[in-house]
Structure formats: structure tokens, C-alpha cells
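Okay, thanks for making room for me on the agenda. I'd like to walk you through one model, and we can look at it together.

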Amino acid sequence: MPDDGMSTRERILRACWSLLEKGQGAKTRMSDIARASGVSRQAVYLHFSTRAELLIAVTRFVDAESDIDARLAASRAAMSGPERLDAFIDAWGNYIPVVHPVCRALLDMAPADEAAKLAWDDRMSALREGCMAAVTALKTDGILRDGQDEAAATDLLWTLLSVRNWESLVEDCHWPQARYVEAMKRLARQALMRTG
């Protein structure tokens, strides 16, 4: 095992992350991850009892390495609903390109791979929580659009900010990243906030 200062757990997570980014996710077995990380298969299972546990841990590791808490700090510190909504969209919208290779791998794998589906669902649950917090801030300010309940508004924002929508606009339609983020802010305000 190389003496690179990394713990065995970190070495495994980094190897799995690398394999996902290279598009090898669906074909990757625990033995492949062990080989890539320079540890035994048994060592992988000592740290992660199932592939699902490992994939969920990788997505959380990517969040930690990408300093997701710092990215969300402005949203969490916002003093008004509109400010929180904009800051959350800015944080998530600009985070998608960072995590997109892992997201794409999990999306591709999920239909036939229960472990990948669980990891993807875990990440989307975290996104939904952020959407709900933004919607709740609008409701608290009394500016949630009439006729919208918090659950439906959260569903709408969560769908608007989906990775698939980002792919369609940024990758397929070649929108600049900044244009995508500004458009999502504008659409979210129009859909969720009362006018006048």
C-alpha cells in the first residue's frame, strides 16, 4: 500500500470517484475498486459493507472535497426568502458542473443497479431539502405565490434544478453556465413568488 498519507477509507473513496468519472461505474465491481485503490477486496468490505453504502459515501465525499458547506453558506445566512432562493440556486447551479461526472454515472447506472439508485436518491433527497428550505423562507416572508403550497412549490423548484435540465440547457443547447444560473433564478422567482 502506498504511503501517501491517505487513510484506507479515503483511498477507496478516491478510487471509486475516479472510476465513476471515467464512466466505468456500471461495470465497476468492489474488486475493481480494491485494485484501483491498492487495497484488498476484504479491506473495501471492512469499510463499506455494500456497494450501495460505498456509492453513497462517495457522493458525500465529493461534497466534502468540493466544500459544499462553503458553497451553501450564503443561502443559509440569507436574511430574506428571495435572497435565500437566489443564493441556493447560485450554489446548486454552479455545483452541478463540479459533480456532473459522478451524477451522470449514477443516472446511467440507476435503472439496472439498485446501489446506484440508492446513492442517486440520497443525493436528490439532499437537493430537495435545500429546495424546501428556500420555499419555506418565501412562505415565512409571506411572498409564496398564491395557490402554491410548500410541498408543490418544493417539487417545482426541485424539478427545475434537476441535473437533466442542466444537461439539456448547458450541454445540449450550449448555454453558458452563467446564463443557465440566471435563467433558473428568474424562472424560480416567476414560478414561486407573488407579484405586486
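I'll go from the overall fold, to the core, to the surface and charges.

So, first thing to keep in mind: this is a predicted model. What's in it? Ten helices and zero strands. If you read along the sequence, the pattern is just α-α-α-α-α-α-α-α-α-α. As for dimensions, the C-alpha atoms fill a box of roughly 65 × 35 × 30 Å along the principal axes.

Now, how do the parts of the chain meet? Take the contacts with a separation of 6 or more: 69% of those are between residues 24 or more positions apart. And of the 196 residues in the chain, 47% are buried.

Let's go inside. The largest nonpolar core has 62 residues. Helix α6, residues 81–109, gives the largest share of this core, with 14 residues. If you want to click on something, the residues with the most contacts inside the core include Leu54, Leu55, Leu85 and Trp92, and also Leu157, Leu161 and Tyr180. In general, nonpolar side chains tend to be buried together in soluble globular proteins.

Let me zoom in on Leu55. Which residues does Leu55 contact, leaving aside its neighbours within four places in sequence? There's Cys16 and Leu20, then Leu106 and Met109, and then three alanines, Ala115, Ala116 and Ala119.

Back out to the surface. The chain exposes about 10,000 Å², and 53% of that comes from carbon and sulfur atoms. On charges, there are 25 positive and 28 negative ones, and their mean positions are 3 Å apart.

That's my tour, so over to you.

Definitions and conventions
Residues are numbered from 1 along each chain as its sequence is written. This is a predicted model: local features need pLDDT of at least 70, side-chain atom pairs count only at pLDDT 80 or more; totals for chains, interfaces and linings use all residues. Side-chain values use heavy atoms; hydrogens and water are left out. A nonpolar core is a set of buried Ala, Val, Leu, Ile, Met, Phe, Trp, Tyr and Cys residues joined through side-chain atoms within 4.5 Å. Buried means under 20% relative accessible area, exposed over 50%, partly exposed in between (1.4 Å probe, protein chains only). Helices (H or I, at least four residues) and strands (E, at least two) are DSSP runs, numbered from the N terminus. Contact means heavy atoms within 4.5 Å. Accessible areas come from the Shrake-Rupley method with a 1.4 Å probe; for residues, only the protein chains shown count as cover. Lys and Arg count as positive and Asp and Glu as negative; His and the chain ends are not counted. The place of a charge is taken as NZ of Lys, CZ of Arg, CG of Asp or CD of Glu.
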